[in-house]
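Notebook open, coffee poured. I want to go through the strands, the domains and the chain contacts, and jot down what I find.

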Amino acid sequence: MIELKNVTRRFGETVAVDNINLTIETGEVCVLVGSSGCGKSTTLRMINRLLSHSDGDILVDGQDITTMNPQKLRLNMGYVIQGTGLFPHWTVARNIAMVPRLLKWPKERIDARVDELMTLLGLDPAIHADKFPQQLSGGQAQRVGVARALAADPNILLMDEPFGAVDAITRENLQLEMLRIQQQVRKTTVFVTHDIDEALRLATRIAVMDQGRIIQHDTPENILRRPASDFVENLVGKQDRGLKLMSLRPVRDLMTAHATPRPPEAGAEGLKEEDNVRLALSVMLWRDLPQLAVINARGEETGFITRDSIIGAGA
Amino acid sequence: MATPGHVSGQALPNRVIPALGLLALALVWLMELGTIQPNRIVPGTGHGLLSAVGWLGAGLVTGALAGAIVLSFLSLRRRYWLLLGVVGLSLALMPLLLDVFALRHLPENAPYARSSIGAGFWCLLFLLSLMLIEILGRLRAGRSLQLMLLVVIATSWLLLLGAEGLESLSLVREFNARPDQFEQALRTHLALAFGAVAISAVVAFLLALKMIRSPGWQRPILGAVSFLQTIPSLAVFGLLIAPLSALSSAFPALQSLGIRGIGWAPAVLALIAYSLLPMVRNTYVAINGVPEHLVDAGRGMGMTERQLFLQVRLPLALPVIIEGVRITTIQAIGLTAVAALIGAGGFGGFIFQGLGEAAMDLVLLGALPTIGLALLADALLTMLAASLRPTPATT
Amino acid sequence: MRVWLPPFLLILLLCGLSLAMPMLEPVFHWMQPDKQSVIYDRDSFLFLLQNHLMLVGISAAVGTVAAVAGGIIATRRSGRDFLPLISQVASIGQTFPPVAVLALAVPVLGFGEAPILVALILYGLLPILRNTLAGIEGINPAVREAGLGMGMSPLQVLVRVELPLAGRVILAGIRTSVTINIATAAIGSTVGARTLGDPVIAGLVNGNTAYVLQGAILIGLLALTADSLFEALERTWERKVSPTATVA
């Protein structure tokens, strides 16, 4: 758990972060969102003491971070930054092994861990371990960045616009990847972005920041349904909120389940249970179908979802 | 920025080789290939290509050049490899021309008679080297191929020059007259140049660190070292004489150490002063130029400042620092030659003695090894920098 | 125009000292009481300064014209074939020590002013050529394309876009070239050119420290003057021609 209590950061005369209070529960993904210069990165960098805070207290698992050795503190926090920050003079494997080596793990353990992480992130160790960062695509490099942050199994993950420098398609893949990994590892994550869609997709809770203050701290659904101010309302987009809410809701919620799962009809295309409702509606509109089958992870058809049920449920 | 001649095409006609080839043909026929001198000082009689090496030799030279020109127009796939063969072989066998020349023209029973190299030979050597550079560039030759070629050509030259026929070559005569002095000059030259570079590397590293720790020092330090660099070498050597000789006459103990107004002491001091600018600038730029986000990433993941410096900043800066060492070393090798004017020894001694005696071959005996040393240092340090850059070029 | 003050003062000092050196005789006498002649008098210092300047000036002018022209040709479409070779030669050539180049010019051209001039021109060409190539190649291609795309002729793009943008880098190359050539011309005394190196060489040969000092001081001053002139020129260029030159 990370707690920020009345935290302020001043740069000379200007106040970058203005008396904020924020609690990030263990295992949740807290996304700090706002336009550039709103203080979100500053807030993140105060948590691992890359910046010191001018006033207030920051506690990690109840302990005041100013009483801790900054290196020790950081070794227990994965850190991913925009443009990866991979060291160009080290191979992929050496980059991932960075923190375990700093912690002086035995070599076999490091090697095993590097393999494990590369596999977790969908990189083949045999192909990529000995490459240099420049030889990777943007998406691959960013995966290595995440693997490096996870290497020593830290309790906390700090991510500063990690997917800001990759193209839209790669970004979406990385976001899905991150959701998958987060389900497995459950790290307490602080994630900074200026992209509200990314925030809505990844966050357990979102903290909207503006001019150094936290305007609203709530779940994605509540941010959409009950924006605290005009600022938040504009940020989430006044008019397509309906669709955004749909994209937060899994198909599972609105489907009509069969009594028992059955094998899917041959050739029929179905949705996955965890696909979102917005996608379901889009597929039905495009293919002009009143309903679609829903398939579970084992490939069995577990039910169906209808156009009417989606429209009827509303936003 | 792909240019057509570069990417798609090994098969496109090349205009550079024919241009160089035609120039070489013209110069080698118009200028003197060599001269025969009755003794060391008396000016000799020059011989053009035909007179020097006869129809067969002239035919071979012309044939090789014409062949290269024709080859570069043909659209063969292995064209550049063929060209490499022709030009490389020509370069390797060039001393044979001198050999034949000496055999044909050197009078018998004239122990002081000597043959010397003429402008035509130098032009041919120069233009063939340019062709070789061009061909290697088009082949995108790797370091190993370049090195191998260099070794083959150098070995061939050494073997041919060491062979019987070329004893009469004035350059060889000058060398044979003073092998010990030559060795001594080589040793002094290397000691002065590398000693100065080593000392200045340490000083420059400390200065660069100082500039990084306290940015207020940046302007005064850079100002001082670039001031030193601006003053011409001859002036620095001259200006050091008075204070150093005053110092050594005030403290006779210094004299016994060899510290006097002239000699190695002012030479080393001046060389260090000159070496500081490229060293300090490159070291500073290199260490300071390590992208801040990388340092930040390292720090954010828990590296201590010491680890950051040793594991991130220094390795990333090293190629640029070595580049500074390379510039400095080349410069120091050249300036050491000037230092001979104040009695520091080295190859400059031959140059200035030769100029004083109007003995051009002695000048060459000093100038050619100086150039050779500079080129060698350049090649070695370039390779070192390349090998320290572990990241292959971005694809 | 405060940037022009230091070069102006240095020029005054240089000329003044060249004229007034004989007046400093008592000072040099005090330094070297045992020598009869303490002021170099084979030529006047002003003459040596003139000659030194002339050598450097001619070589800089010829070198600049040749190198910039060569750099422009090699970066045009028609001359692109020659670009790799020319840039290689420009960088390899700079590893040749200037003294050695000077020494090599003598066997071919003989003693006197001619070999020096040729050596200075050839050697001085290289840094200018290298910087011209770097300056022009360093221009963002988008800028060039924008010029062409908006209807400029290639000549207009060269004169109005490329040269102004690369000018600062070319100027830096000329500065390097002149700095090196002032030093090389001084050493040129050893091959028979009459420059400010003469008193130094004469002093070294005769063991007359006063001569050495006089030559060395004037050479040093000349170099500083030239350097501060270029400094002022670069500052002015920065302010007037391309305040925010976007050369990579």
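How many bridges join β6(A) to strand β7 of chain A, and do they run parallel or antiparallel? I looked up the pair: β6(A) and β7(A), residues 156-160, run parallel, and five bridges join them. Note to self before I go on: this is a predicted model.

**Entry 1: the sheet in chain A**

I picked one residue pair to anchor the view: A:Tyr79 has A:Leu158 in β7(A) as its bridge partner. Next I checked what lies against these strands. Helix α7 of chain A, residues 138-150, packs on the sheet and touches both β6 and β7 of chain A. The direction of α7(A) makes about 165° with that of β6(A).

Then I traced the whole sheet. It is an open one of six strands, and in chain A the order reads β6-β7-β8-β3-β9-β10. The pairing is mixed. At the edges I have β6 (77-81) and β10 (213-218) of chain A, each of which pairs on one side only. From one strand to the next, the twist averages 15°.

General reminder: strands of a sheet pair through backbone hydrogen bonds, in either the parallel or the antiparallel sense.

**Entry 2: domains of chain A, and a bare strand**

I pulled up the domain assignment for chain A, and it gives domain 1 as 2-240 and domain 2 as 249-313. Their C-alpha centres lie 34 Å apart.

Further along chain A I stopped at strand β11, residues 256-262. Is it well covered or hardly covered? Hardly: of the seven residues in β11(A), the count of buried ones is zero. I also looked up its pairing, and β11(A) goes with strand β14 of chain A, residues 301-306, in the antiparallel sense over three bridges. One pair to click on is A:Thr256, whose bridge partner in β14(A) is A:Phe304.

**Entry 3: domains of chain B**

For chain B the assignment gives domain 1 as 16-173 and domain 2 as 179-388. I get 35 Å between the two centres, taken over C-alpha atoms. The two domains do touch: six residues of domain 1 of chain B are in contact with seven residues of domain 2 of chain B. On the domain 1 side, I count two nonpolar, two polar and two charged residues.

**Entry 4: who touches whom**

Which pair of chains has the most contacts? Of the two pairs that touch, that is chains B and C. Here 43 residues of chain B are in contact with 39 residues of chain C. I listed the elements of chain B that give two or more residues to this side: α5 (119-138), α10 (233-250), α14 (305-339), α15 (347-357) and α16 (360-388). The largest share, ten residues, comes from α16(B). By class, the side of chain B facing chain C has 28 nonpolar, twelve polar and three charged residues.

I then turned to chain A, where the contact takes 18 residues from chain B and 18 residues from chain A. On the chain B side, α13 (292-300) and α14 of chain B give two or more residues each, and α13(B) gives the most, with six residues. The classes there are nine nonpolar, seven polar and two charged.

Last check: chain A against chain C. I found no contact joining them, and their closest C-alpha atoms lie 21 Å apart.

Conventions: Residues are numbered from 1 along each chain as its sequence is written. Chains are lettered from A and ligands numbered from 1 in the order in which they are written. This is a predicted model: local features need pLDDT of at least 70, side-chain atom pairs count only at pLDDT 80 or more; totals for chains, interfaces and linings use all residues. Two strands pair if DSSP finds at least two bridges between them. Helices (H or I, at least four residues) and strands (E, at least two) are DSSP runs, numbered from the N terminus. Axes are lines fitted to C-alpha atoms, for helices over the stretch in contact, and angles run from 0 to 180 degrees between N-to-C directions. Ala, Val, Leu, Ile, Met, Phe, Trp, Tyr, Cys and Pro count as nonpolar, Asp, Glu, Lys and Arg as charged, and the others, Gly among them, as polar. Domain bounds come from an automatic or database domain assignment. A residue is buried if 20 or more other C-beta atoms lie within 10 Å of its own, exposed if 12 or fewer, and partly exposed in between; C-beta atoms are placed from the backbone.
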